[in-house]
Amino acid sequence: MDILKKTLPYIIILFLSFPAIRPLFLPGFFPMHDDTQPTRIYEMYRGLTDGQFPVRWVGDLGYGYGYPLFNFYAPLPYYFGALGIFGGLDAIMAAKLMFAAGIVFAGICMFLLARRLWGDSGGYLSAVLYLYFPYHALEIYVRGAVGEYWAYAFLPLVFLGLIIAIKKFRQGVLVGGLGLAVVILSHNILGMLTAGILISWGIWETARGIFTDIG
């Protein structure tokens, strides 16, 4: 019963995510601006099977000359997608799974943050609002910006870590640090923006504390 009680919220989030995920699993691939996602997943898979870790070089792109794609393009979603190919999926189904996982992760992470603030009811409401925020649909079904979507999915963990750190500093740093690491590994630019905001906030709070003590 304890296990069911602990896992029930995540089952509910998965159920609430279903309308957003369902179009991904219709037959065929869906059109989007960045339609190279299956290729990147396959190249990540090839890099791993060639013994690379972390994967940096993709041999089939760059007009067959190859180039270090994952030196510059945040790799985390593609590691997840490559697991789908290792599990027997083709590259298109692995890409769909990668997008779907980002949607579910967004709901779960926002639920964890909002539940801390407003309880279970507030957590579910916030998760649904975050899942179905129109810009998220644009990222998945129009732009195909999987890295940016994954970064937004885990961004709530950064703020959850800050909240936890007020009472449990080490646990908060662990949660927030993990969230920030995943954001950076999912989308370089958003990761730098998030880190910059956190550093600026830390400097502000430190300066405010110093001047308060002086006053």
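Which residue just after α4 takes a positive phi? Hold that thought for a second, everyone, and have the chain in view. The residue is Gly-88, and its phi is about 105 degrees. One caution before I go on: this is a predicted model, and every value I mention is computed from it.

Let me start with the overall picture. The protein has 9 helices and 0 strands, and along the sequence that reads α-α-α-α-α-α-α-α-α. Taken along the principal axes, the C-alpha atoms fill a box of roughly 65 × 40 × 35 Å. There are 215 residues, and buried ones make up 40% of them. If you take the contacts between residues at least 6 apart in sequence, 65% of those join residues at least 24 apart.

Now, the core. The largest nonpolar core has 51 residues, and the members that touch the most others are Leu-24, Phe-99 and Phe-154. The elements giving two or more residues to this core are α1 (2-21), α2 (37-49), α3 (69-72), α4 (76-86), α5 (91-131), α7 (146-165) and α8 (169-186). Of these, α5 gives the most, with 18 residues.

Take Leu-24 as a way in. Setting aside neighbours within four places in sequence, Leu-24 is in contact with Phe-30, Lys-96, Phe-99, Ala-100, Ile-103, Ile-140 and Tyr-141. Phe-99 turns up again when we look at Gln-37, a residue of helix α2. Is Gln-37 buried or exposed? Gln-37 is buried, because its relative accessibility is 0%, and the cut-off for buried is under 20%. Not counting residues up to four places away in sequence, Gln-37 touches Met-32, Tyr-78, Met-98, Phe-99, Gly-144 and Val-146.

Tyr-78 in that list takes us back to α4, where we began. The buried residues of α4 are Pro-77, Tyr-78, Tyr-79, Gly-81, Ala-82, Gly-84 and Ile-85. And what covers them? The cover includes α2, α3, α5, α7 and α8.

On to the aromatics, which I enjoyed going through. The structure holds 12 aromatic pairs. Ring pairs link Phe-80, Phe-105, Trp-150 and Phe-154 into a cluster, and you will remember Phe-154 as one of the residues touching the most other members of the core. There is also a charge over a ring: the charged end of Arg-40 sits over the ring of Tyr-73, 4.4 Å from its centre.

Arg-40 is also a partner of Phe-70, so to speak, so let's go there. Phe-70 lies in helix α3 and counts as buried, because its relative accessibility is 6%. Beyond residues up to four places away in sequence, Phe-70 touches Arg-40, Met-44, Val-55, Arg-56, Val-58, Pro-75 and Tyr-78. For Arg-56 we have a C-alpha distance too: 4.6 Å from Phe-70, with the two positions 14 residues apart along the chain.

While we are in that region, please look at the loop between α2 and α3. Pro-54 is found there, and a cis peptide bond with omega of about 0 degrees joins Phe-53 to Pro-54. Tyr-63 has its place in that loop as well. The phi of Tyr-63 is near 55 degrees, a positive value in a residue other than glycine. Tyr-63 counts as exposed, because its relative accessible area is 85%.

Last stop, the largest pocket. About 240 Å³ of space lies in it. Which residues lie nearest its centre? Of the 14 lining residues, those are Gly-161, Leu-162, Gly-172, Val-173 and Gly-176. The elements giving two or more residues to the lining are α7, α8 and α9 (188-214), and α8 supplies the largest share, with 6 residues.

Helix α8 also holds Leu-174. With a relative accessibility of 62%, Leu-174 counts as exposed. The C-alpha atoms of Leu-174 and Gly-144 are separated by 30 Å, and the two residues are 30 apart along the chain. Gly-144, you may recall, is one of the residues that Gln-37 touches.

That brings me to the end of the tour. If you keep one view open, I would suggest α4, with its buried residues covered by helices including α5 and α7, and Gly-88 just after it. Thanks, everyone, and I'm happy to go back to any of these spots on the screen.

Key
Residues numbered from 1 in each chain as written. Predicted model: local features only at pLDDT ≥ 70, side-chain atom pairs only at ≥ 80, totals over all residues. Heavy atoms only, no water. Phe/Tyr/Trp six-rings, centres within 6.5 Å; stacked < 30°, edge-to-face > 60°. Lys NZ or Arg CZ within 6 Å of the ring centre and 35° of its normal. Core = buried A, V, L, I, M, F, W, Y, C linked by side-chain atoms within 4.5 Å. Buried < 20%, exposed > 50% of the residue type's maximum accessible area, 1.4 Å probe, protein only. Helix = DSSP H or I, 4+ residues; strand = E, 2+ residues; numbered from the N terminus. Contact = heavy atoms within 4.5 Å. 1 Å grid on protein atoms, 1.4 Å probe; cavity = no way out; pocket = protein on both sides within 12 Å on 5 of 7 lines; lining within 4 Å. Points joined across faces, edges and corners; volume = space filled by probe spheres on them.
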